[in-house]
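Colleague: Before I plan any bench work, I would like a close look at a single part of this protein. Could you take me through how the pieces there sit against each other, and then tell me about a few places elsewhere in the chain?

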Amino acid sequence: MAKYPIFLNLEGRRVVVIGGGTVAVRKVQVLLDSGARVIVVSDNIDKMIATFSSIENPELIKSKYEKSYLSGAVLVIAATNDNELNKQIYKDCQEFEILCNVVDVPELCDFYVPAVVKRGNLQIAIGTNGACPAYSGHLRKKMEETFTEQHGKFLEVLEQMRLKVIDEVSEPNMRKAILGKLCDDSSFDYFINNGSEKWLAYANELI
């Protein structure tokens, strides 16, 4: 069954990572970048996790897993090397109705973490429904060659013009047509060849 793809706002939300090894290091870094309030629970925490940010985030709890640590979490990631413990964490999350991801065990996942191409505010997520995450990684590398930092910069000027169009063009069909023209390949090529200032002038003229 197909999964429902979303971009989730985790700003200030409690996310619990169970495990403190190299896999947990990768998960914690991405969660911190998303603004989540991260709690790491493990009796053996990799020193890299402690260097990521301030003392308060991530919060490090050097302890064996207890169900009580899940309280108030919106997401839980189980990244331990203990299969039985991972199963227990997933079971506890089901009891509390908390979304859980047990790393590399698709049948114990309420959600999958996609491979992501990130260019500023532009994010392209690639998933395989848990079938083969390595293929997602392969496709991400290919897409990183296609979508460059210039696409992220183009999005910045598009955001400015989108707000201007919304403010100045009241007719919905006309608004849609203008935004479509501003977003198309010829518009991007004009941006690449002429720079942001000339593109902004071109966009204003179109409006």
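Modeller: What follows is one connected account that begins with a helix and its neighbours and then turns to some loop residues. Please keep in mind throughout that this is a predicted model.

The part I would choose is helix 7, which spans residues 185–194 and in which S187, F188 and F191 are buried. These three cover an arc of only 100 degrees around the axis, which means that they lie on the same side of helix 7. On the other side of helix 7, by contrast, D185 and N193 are exposed. As for what covers the buried residues of helix 7, the list includes helix 5 (149–168), helix 6 (172–183) and helix 8 (196–206).

Helix 8 deserves attention from this point on. Just after helix 7 comes G195, which takes a positive phi of about 90 degrees, and helix 8 covers residues 196–206. Helix 7 and helix 8 pack at an angle of about 140 degrees, and their axes are 7 Å apart. Because roughly antiparallel would require an angle over 145 degrees, the two count as oblique to each other. On the side of helix 7 the contact is made by S187, Y190, F191 and N194, and these meet S196, K198, W199 and Y202 in helix 8. Sorted by character, the residues of this contact between helix 7 and helix 8 divide into four nonpolar, three polar and one charged. Two of the names in that contact, S187 and F191, have already appeared among the buried residues of helix 7.

Helix 8 also packs with helix 6, at an angle of about 155 degrees and with the axes 11 Å apart. That angle makes helix 6 roughly antiparallel to helix 8, and the crossing of these two helices is right-handed. Here I178, K181 and L182 in helix 6 meet W199, Y202, A203 and L206 in helix 8. The residues of the contact of helix 6 with helix 8 divide into six nonpolar, no polar and one charged. Reading the two contacts together, W199 and Y202 of helix 8 take part both with helix 7 and with helix 6.

Away from these helices, some loop residues are worth inspecting one by one. S63 lies in the loop between strand 3 (59–62) and strand 4 (75–78), and at 18% relative accessibility S63 counts as buried, since the cut-off for that word is under 20%. Leaving aside residues up to four places away in sequence, S63 touches V41, S42, D43 and Y69.

D104 has its place in the loop between strand 5 (99–102) and strand 6 (115–119). Its phi is near 65 degrees, a positive value in a residue other than glycine, and D104 is exposed, with a relative accessible area of 71%.

N129 sits in the loop between strand 7 (122–126) and helix 4 (133–146). The phi of N129 is near 60 degrees, again a positive value in a residue other than glycine, while its relative accessible area of 36% makes N129 partly exposed. N129 can also be paired with M1, which lies in the segment before strand 1 (14–18) and, at 89% relative accessibility, counts as exposed. M1 and N129 are 128 residues apart in sequence, yet 8.5 Å apart in space from C-alpha to C-alpha.

Notes:
Residues numbered from 1 in each chain as written. Predicted model: local features only at pLDDT ≥ 70, side-chain atom pairs only at ≥ 80, totals over all residues. Heavy atoms only, no water. Buried < 20%, exposed > 50% of the residue type's maximum accessible area, 1.4 Å probe, protein only. Helix = DSSP H or I, 4+ residues; strand = E, 2+ residues; numbered from the N terminus. Arc of directions from axis to C-beta. Contact = heavy atoms within 4.5 Å. Axes fitted to C-alpha atoms, helices over the stretch in contact; angles between N-to-C directions. Parallel < 35°, antiparallel > 145°, perpendicular 65-115°, else oblique. Left-handed = near helix turned anticlockwise from the far one by under 90°. Nonpolar A, V, L, I, M, F, W, Y, C, P; charged D, E, K, R; others polar.
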